[in-house]
Amino acid sequence: MEFPKSVNITEVGPRDGFQSISEWIPTELKLEIIEGLIQSNFKKIEVTSFVSPKAIPQTKDAKEIVGTLLQKYQSNDVIFNALVPNLFGATAAYEAGLRDITYVISASVAHNKANVKRTREESFAELKEIKNQFPDLHINLAVGTTFGCPYEGDIPVKEINMMVQNGLDIGVSEISLADTIGIANPLQMYTLLTELKQNFSDVDFVLHLHDTRGMGLANVVMALQCGIHSFESALGGLGGCPFAPGAAGNIASEDLVNMLESMQINTGIVLPKLLETVKIVKEKIKPTLTSHMAYVDTCSKGVS
Ligand code: COA
Ligand code: ZN
């Protein structure tokens, strides 16, 4: 078995996690949690989304979040990113000062319609326009429902090839493969990643995994074997997609960090600080957390 010496982890909790919490999280609390993530040493954090507040009310303070962070961390070496679904959102993110965005298009036609009310072709046309208008934007194309869709079931591999090729033709900087509903299994992971690595040998894919069926970390181990070394995860295992019935949380950042560090794979993340930040989420937002390490932490403190 061959494992990398280190991996990159992008923290997506403040976007993917918070968007799934219906009760309003005050902006100051969001910022306090993001600060905790910065101190935990994440080098890239998806801090919010520039989407319609009618679709996702929780991120309506996107401009304020980004403005505050950029003012405070101008010289810091952390990259702040936001998810956008259209040109309107990309323009707002750019004007707020961001130079790194995630643009989401689902491989499933039906999920793309449900999520961003566009056909895949319309989404790609808008992505092209974003690239033309903002050539200096670092764009991560998130291919939603790569491993399965709540409406369409399995997505043929040729569709994923097409999504990746279209993104590359437009000139995106990065491609993340999203298991939006946490349905991927390790064999499927192996089959798809082997094919994609063959077809796109120069692309360093990022994996965005949900843990709905408890296969998240098993999928990470398989992906590592396939040469992937960039992952997205959310503190506490928060997350879900309001437009994908049955979607549950992302793989928990602290579980991912703990597993990788136990395997002597360097993440650069300071686990005790991350666990402290998860504790803030647990105490102040009180969501249902699926994270294992959050509970190990509680138990070990109870014993000592
Ligand atoms: N940010 C903020 N407001 C936006 C926006 C954006 N990116 N895009 C559109 N809007 C506003 C418009 O200005 C308009 O406002 P108004 O009603 O005050 O005039 C309103 O939203 C509707 O605009 P329209 O272009 O008709 O959008 P829509 O109703 O067809 O919705 C999206 C399309 C993409 C904006 C919406 O589906 C969306 O935000 N989806 C994001 C879903 C998401 O975040 N999913 C989870 C992450 S994968
Ligand atoms: Zn997600």
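By class, the lining of the largest pocket in this predicted model comprises 18 nonpolar, 15 polar and eight charged residues. The lining amounts to 41 residues in total, and those nearest the centre of the pocket are V51, I56, L83, P85 and V116. The volume of the largest pocket was computed as about 740 Å³. Both helices and strands contribute two or more residues to this lining: the helices are α1 (13-17), α3 (62-72), α4 (87-96) and α5 (109-116), and the strands are β2 (44-49), β4 (100-106), β5 (138-144) and β6 (174-179). Of the elements, α5 contributes the most to the lining of the largest pocket, namely four residues.

The largest pocket is also the site in which ligand 1 sits. Two elements, α4 and α5, give two or more residues to the shell around ligand 1. This shell holds 10 nonpolar, five polar and four charged residues. In total, 19 residues surround ligand 1, with F50, S52, K54, N86 and N115 coming nearest.

Polar contacts to ligand 1 involve both backbone and side-chain atoms of the protein, as the following cases show. At V51, a backbone N or O atom is placed 3.1 Å from a nitrogen atom of ligand 1. At S52, a polar backbone atom lies 2.8 Å from an oxygen atom of ligand 1. The contact at N115 is made through the side chain, where an N or O atom is 2.7 Å from a nitrogen atom of ligand 1. On its own, ligand 1 has 930 Å² of accessible area, of which the protein covers 68%. V51 thus appears in two descriptions of the site: as one of the residues nearest the centre of the largest pocket, and as the provider of a backbone contact to ligand 1. S52 and N115, in turn, are among the residues that come nearest to ligand 1, and each has a polar atom at a short listed distance, 2.8 Å for S52 and 2.7 Å for N115.

The second largest pocket encloses about 280 Å³ of space. It is lined by 17 residues, and N8, I9, T10, K43 and K44 are the closest to its centre. The elements that supply two or more residues to the lining of the second largest pocket are the strands β1 (8-11) and β8 (230-233). The largest share comes from β1, with three residues. By class, the lining of the second largest pocket consists of seven nonpolar, six polar and four charged residues.

How values were computed:
Residues are numbered from 1 along each chain as its sequence is written. Chains are lettered from A and ligands numbered from 1 in the order in which they are written. This is a predicted model: local features need pLDDT of at least 70, side-chain atom pairs count only at pLDDT 80 or more; totals for chains, interfaces and linings use all residues. Side-chain values use heavy atoms; hydrogens and water are left out. On a 1 Å grid over the protein atoms alone, a cavity is a set of points where a 1.4 Å probe fits but cannot get out, and a pocket is an open set with protein on both sides within 12 Å along at least five of seven lines; lining residues have an atom within 4 Å of a point. Grid points are joined across faces, edges and corners, and a volume is the space filled by probe spheres set on the points. Ala, Val, Leu, Ile, Met, Phe, Trp, Tyr, Cys and Pro count as nonpolar, Asp, Glu, Lys and Arg as charged, and the others, Gly among them, as polar. A residue is near a molecule or strand if one of its heavy atoms lies within 4 Å of it. A polar contact is a pair of N or O atoms within 3.5 Å; within protein, one must be able to donate a hydrogen and the other to accept it, and residues adjacent in sequence count only if both atoms are side-chain atoms. Accessible areas come from the Shrake-Rupley method with a 1.4 Å probe; for residues, only the protein chains shown count as cover. A molecule sits in a cavity or pocket if more than half of its atoms lie within 2 Å of its grid points.
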